[in-house]
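Work through the exercises below with the model open. Try each task before reading its solution.

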Amino acid sequence: MSSEMLPAFIETSNVDKKQGINEDQEESQKPRLGEGCEPISKRQMKKLIKQKQWEEQRELRKQKRKEKRKRKKLERQCQMESNSDGNDRKRVRRDVVHSTLRLIIDCSFDHLMVLKDIKKLHKQIQRCYAENRRALHPVQFYLTSHGGQLKKNMDENDKGWVNWKDIHIKPEHYSELIKKEDLIYLTSDSPNILKELDESKAYVIGGLVDHNHHKGLTYKQASDYGINHAQLPLGNFVKMNSRKVLAVNHVFEIILEYLETRDWQEAFFTILPQRKGAVPTDKACESASHDNQSVRMEEGASDSDSSEEEYSRNELDSPHEEKQDKENHTESTVNSLPH
């Protein structure tokens with residue numbers, strides 16, 4: 001072999017070697033198939049490669065999570081140091097004044113709900129518990145008739161409920177725990193409007209998510225048990241697009257807000273969701289009055305037109321001078337035509 005051909009031969013052999021190495025690497029990445037196994041598809045091969053990469057990056061992800069936790073901890077420390085005005089959570093909790101008012105969620109409607117609605121009720125109870133824990137005037141919170149599907153769902157999806165604090169979770173019915181004369185059932189079907197909250201009383205909220213399938217049920221139960229009942233003064237302060245029936249947690253939170261502000265309107269508009277389309281009744285009245293006034297103005301305009309018509313007709317019949325009658329004849333005739 002001549003010296004001129006030697007570099008070309010070496011370069012060709014190097015390329016062949018590289019190709020051979022690449023093929024070996026691809027073969028090594030492919031899983032070895034046993035006898036009788038079908039060849040793996042490209043999609044399966046990609047999945048296996050991704051899985052391998054995921055496992056290789058596990059330590060990296062773990063390290064990133066650790067760094068994130070450290071960063072959040074540092075941010076919290078900086079925030080606590082910057083709150084020199086005493087507004088951090090620990091100091092706020094010292095100002096809490098516990099209310100003597102008892103607020104009960106009656107869970108005796110378990111058999112009337114499907115599992116989907118039981119799960120909704122569970123979430124609403126969780127919300128009530130969380131709001132009561134951070135309220136400035138927390139109530140004496142009771143969960144009565146606790147059992148059935150609700151308890152099973154809580155056991156499966158929220159095992160920490162057994163460690164909840166500042167709450168009385170009882171399997172008994174509320175009528176077995178509290179004197180009848182102290183009970184007031186909150187139901188939108190009651191004819192009685194609640195004006196003030198009596199903190200010596202126990203207010204009952206029906207733990208029922210029924211999508212309006214059981215109208216008047218809580219009112220009937222209150223009447224059957226012979227206990228007092230009332231509805232929140234919603235209609236006195238709020239005009240809503242939707243029905244007046246509120247979710248369990250909304251009623252609970254409105255009462256907590258009222259205990260803090262002693263203002264029903266503020267409590268309603270702080271808690272009610274925007275989808276309810278709530279507006280103050282005075283504004284709703286102003287709007288309605290404005291609409292009525294507009295209608296009256298339009299009617300007045302029509303009446304005015306009619307009176308002008310009538311006046312024109314009367315003018316034609318009145319004993320005026322013939323010259324004036326002739327001059328106004330055309331105009332009067334036009335005005336006297338029906339519009």
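**Exercise 1. Count the salt bridges, then classify the one between Glu 131 and Arg 134 by place and exposure.**

Solution. The structure holds 8 salt bridges. The criterion is a side-chain nitrogen of Lys or Arg within 4 Å of a carboxyl oxygen of Asp or Glu. This is a predicted model: local features need pLDDT of at least 70, side-chain atom pairs count only at pLDDT 80 or more, and totals for chains, interfaces and linings use all residues. Residues are numbered from 1 along each chain as its sequence is written, and side-chain values use heavy atoms, with hydrogens and water left out.

Step 1: distance. Glu 131 and Arg 134 meet at 3.0 Å, N to O.

Step 2: place. Both sit in helix 5 (residues 115-134), 3 residues apart, so about one helical turn separates them. Helices (H or I, at least four residues) and strands (E, at least two) are DSSP runs, numbered from the N terminus.

Step 3: exposure. Buried means under 20% relative accessible area, exposed over 50%, partly exposed in between (1.4 Å probe, protein chains only). Glu 131, at 19%, is therefore buried. Arg 134, at 58%, is exposed.

Step 4: wider links. Arg 127, Glu 131, Arg 134 and Glu 253 form a network of salt bridges.

**Exercise 2. Which parts of the chain does the salt bridge between Asp 166 and Arg 133 tie together?**

Solution. Start with the distance: 2.7 Å, N to O, between the side chains of Asp 166 and Arg 133. Asp 166 lies in the loop between helix 6 (148-157) and strand 3 (167-169), and Arg 133 in helix 5, so the pair joins parts 33 residues apart in sequence. Asp 166 is partly exposed at 46% relative accessible area. Arg 133 is partly exposed too, at 31%.

Now take Asp 155 and Lys 151, whose salt bridge spans 3.1 Å, N to O. They are 4 residues apart in helix 6, so about one helical turn lies between them.

**Exercise 3. Classify the ring pair of Phe 237 and Phe 268, and place both residues.**

Solution. A search of the whole structure gives 7 aromatic pairs. Rings of Phe, Tyr and Trp (its six-membered ring) pair if their centres lie within 6.5 Å; planes under 30 degrees apart are stacked, over 60 edge-to-face, the rest tilted. Here the centres are 6.3 Å apart and the planes at 45 degrees, so the pair is tilted.

Next, location. Phe 237 is in helix 9 (residues 234-237) and Phe 268 in helix 11 (residues 264-271), 31 residues apart. Phe 237 is partly exposed at 24%, whereas Phe 268 is buried at 0%.

Finally, the surroundings. Phe 237, Tyr 258, Trp 264 and Phe 268 make up one aromatic cluster.
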